[in-house]
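Open the model in your viewer and keep the selection box handy. We will go from stop to stop, and at each one I will tell you what to pick and what to look for.

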Amino acid sequence: MASQGLQEPAFLILSALAQGPMHGYGIVKDVEASSGGRIALRTGTLYGAIDRLVVAGLVEVDREEVVDSRLRRYYRLTPEGGARLAAEAERAQTQAQRALERLRMRGQAAPALPTASSGGTRLGGAGLGGANLGGATA
């Protein structure tokens, strides 16, 4: 799995969890906001992706609590998940910078991407595998 890129929803789930432990609804809302509304995770898609991330060792259960007689499970990024997110963000940023440089060489106007030191960008990834940083509703 490490040799394949993360698809945008998986990338955004890891990115959401980089802020700290979150429950499913919080992840859904963060992914929607981070993707500018392009990715609206359904429950089955979210938990399928989380299950794959857990099996891959990138995410783990942080805690469970009962709220209004319903179980709420919180997830957190593992150290491996943090390293994978950082590597994937760097890879995506490098690819985007290369594409913008090529556009500028063609004489097309292309805005410069912010660097990691200037705040970075939120880039994305339904599930794991395949470098799919395009926008799709999952």
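Start by selecting K29 and E32: their side chains meet in a salt bridge, with 3.7 Å from N to O. Keep in mind throughout that this is a predicted model. Now show helix α2, residues 24-34, as a cartoon; because K29 and E32 are 3 residues apart in α2, about one helical turn separates them. In general, an α-helix has 3.6 residues a turn, so residues three or four places apart point the same way. Turn on the surface here and you will find E32 partly exposed at 31% relative accessibility, and K29 partly exposed as well, at 38%.

How many salt bridges does the whole structure hold? The count comes to 8, and our next stop has some of the others.

Select strand β2, residues 59-67, together with β3. The two strands run antiparallel and are joined by 8 bridges. Follow them to the turn: β2 and β3 make a hairpin with 2 residues between them, and D68 in that turn has a positive phi of about 50°. Beside the turn, pick V67 and look across to R70 in β3, which stands opposite.

Stay on the hairpin and show the side chains of E64 and R73. They meet in a salt bridge of 2.5 Å, N to O. Both partners are partly exposed: E64 has a relative accessibility of 43%, and R73 has 33%. Next, add E60, D62, R63, E65 and R76 to the selection, which salt bridges with shared partners join into one network.

Within that group, zoom in on R63 and E65. Their side chains form a salt bridge, 3.9 Å from N to O. R63 is partly exposed at 36% relative accessibility, and E65 is partly exposed at 29%. Before you move on, which ring does R63 lie over? Select Y74: R63 lies over its face, 3.8 Å from the ring centre.

Now for aromatic rings. The structure holds 1 aromatic pair. Select Y47 and Y75 to see it: the pair is tilted, with 6.5 Å centre to centre and 50° between the planes. It links distant parts of the chain, since Y47 sits in helix α3 (residues 43-55) and Y75 in strand β3 (residues 70-77), 28 residues apart. Is each ring buried or exposed? Y47 is partly exposed, with a relative accessible area of 31%. Y75, at 5% relative accessibility, counts as buried; the cut-off for that label is under 20%.

For the last stop, select helix α4, residues 79-105. Try the distance tool on its end C-alpha atoms: they are 39 Å apart, which agrees with the 39 Å that its 27 residues should span at 1.5 Å a residue. Then colour G81, R84, L85, E88, A92, Q93 and L100, which are buried in α4. What do these buried residues pack against? Show α1 (8-17) and β3, and you have their packing partners. Finally, step past the end of α4 to G107, where phi is positive, near 90°.

Definitions and conventions
Residues are numbered from 1 along each chain as its sequence is written. This is a predicted model: local features need pLDDT of at least 70, side-chain atom pairs count only at pLDDT 80 or more; totals for chains, interfaces and linings use all residues. Side-chain values use heavy atoms; hydrogens and water are left out. Rings of Phe, Tyr and Trp (its six-membered ring) pair if their centres lie within 6.5 Å; planes under 30 degrees apart count as stacked, over 60 as edge-to-face and the rest as tilted. Helices (H or I, at least four residues) and strands (E, at least two) are DSSP runs, numbered from the N terminus. Buried means under 20% relative accessible area, exposed over 50%, partly exposed in between (1.4 Å probe, protein chains only). A charge sits over a ring if NZ of Lys or CZ of Arg is within 6 Å of the ring centre and within 35 degrees of the ring normal. The expected span of a helix is 1.5 Å times one less than its number of residues. Contact means heavy atoms within 4.5 Å. A salt bridge is a side-chain nitrogen of Lys or Arg within 4 Å of a carboxyl oxygen of Asp or Glu. Two strands pair if DSSP finds at least two bridges between them.
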